[in-house]
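Student: I'm new to this one, and I'd like a close look at a single part. Please show me how the pieces pack against one another, and then carry on from there to whatever else helps me find my way around.

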Amino acid sequence: MRKKEEYKFKWKNFFLHLHVVNRHRLKVLILCCRAGIIWRGLVHDLSKYAPVEFFEGVKYYSGNRSPIKNCKDVNGYSEAWLHHKGRNKHHYEYWYDYETRITSPVMPYKYFVEMVCDSVAAGMIYRGKKWTKEYQLTYWLKTKDYAKINPKMDKLLTQVYMDISRLGIKKVINKKALKKLYLEYTR
Ligand SMILES: [Zn+2]
């Protein structure tokens, strides 16, 4: 944990954070449209505008990393994240609680697709020009050991990110390819 410093609200960070949230949501919307889940794209991450999420994002804004991670580094937890993952079914963290030992449910198709679009969009926004199609796989392989995700979802996601790293976004983030993989891995 880093040392707490005295906090001063900055309007500049207010607008910068707002801009990141809006850009992220637009990118997710574009990907969701390609994947055939337009409504999920439109309502994606709306809870980020709730004060508990938004103002933490302003406070821990840094531009190239999620403010949630910055906040966790300082405080050990993030209220914004607790609020967010408790309301947004596109996060696999929504689907388990601390008593989960064996397995959590298979996520419904539309939330699985939204999760893929979300992670790709977030990678692109935070990495900027440094983003490559291999990035999502690398990121997932680093985090998946801690994820109490359903084993079928784990294998499915690994496959999706492997396909993206091989074929790029267009060939994977579309209705046909994602539906096929989902059915193949969840049956
Ligand atoms: Zn989200």
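Tutor: Let's begin with what the angles mean: axes are lines fitted to C-alpha atoms, for helices over the stretch in contact, and angles run from 0 to 180 degrees between N-to-C directions. Helices themselves are DSSP runs (H or I, at least four residues), numbered from the N terminus. Keep in mind that this is a predicted model, where local features need pLDDT of at least 70 and side-chain atom pairs count only at pLDDT 80 or more, while totals for chains, interfaces and linings use all residues. Residues are numbered from 1 along each chain as its sequence is written, and side-chain values use heavy atoms, with hydrogens and water left out.

Now look at helix α7, which covers residues 135-143, and helix α8, which covers residues 151-167. Their axes are 7 Å apart, and the two pack at an angle of about 150 degrees. That's why α7 and α8 count as roughly antiparallel to each other (under 35 degrees is roughly parallel, over 145 roughly antiparallel, 65 to 115 roughly perpendicular, and the rest oblique). Follow the chain from α7 to α8 and you go through a loop that contains D145. With 65% relative accessibility, D145 counts as exposed (over 50% is exposed, under 20% buried, and in between partly exposed, using a 1.4 Å probe and protein chains only). If you want a ruler for the overall layout, try D145 and V74: they are 71 residues apart along the chain, and their C-alpha atoms are separated by 23 Å.

Helix α8 has another partner, α6, which spans residues 109-127. Here the angle between α6 and α8 is about 45 degrees, and the axes are 12 Å apart. That makes the pair α6 and α8 oblique. Helix α6 also packs with α10, at an angle of about 120 degrees and with 11 Å between the axes. So α6 is oblique to α10 as well.

While you're at α10 (residues 175-186), pick out L181, which sits in that helix. L181 has a relative accessible area of 10%, so it's buried. Go 24 residues along the sequence from L181 and you can reach L157, and in space the two are 9.3 Å apart, C-alpha to C-alpha.

Before α6 comes the loop between α5 and α6, and V106 is found there. V106 is partly exposed, with a relative accessible area of 28%. Its C-alpha atom is separated by 8.3 Å from that of I149, although V106 and I149 are 43 residues apart along the chain.

Next, the zinc ion. Its protein donors (N, O and S atoms within 2.8 Å of the metal, or 3.2 Å for Na, K and Ca; water is not among the atoms, so sites may look incomplete) are D45 through OD, plus H84, H90 and H91, each through NE2. They lie 2.2 to 2.3 Å from the ion. Read along the sequence, the spacing of these residues is D-x38-H-x5-H-H. D45 is in the loop between α2 (38-43) and α3 (51-59), while H84 is in helix α5 (residues 79-85), so this pair ties together parts that are 39 residues apart in sequence. Both D45 and H84 are buried; for D45 the relative accessible area is 1%. One more oddity to check on D45: its phi is positive, about 55 degrees, although D45 is not a glycine.

The loop between α2 and α3 also holds Y49, which counts as partly exposed at 31% relative accessibility. Y49 and G123 are 74 residues apart in sequence, and 20 Å lies between their C-alpha atoms.

Last stop, the cysteines. A search of the whole structure turns up zero disulfides (a disulfide is a pair of cysteine sulfur atoms within 2.5 Å). C33 is in none, and the nearest cysteine sulfur, that of C32, is 7.2 Å away. C33 counts as partly exposed, at 37% relative accessibility. C117 is in no disulfide either: its nearest cysteine sulfur also belongs to C32, 3.9 Å away. At 0% relative accessibility, C117 counts as buried.
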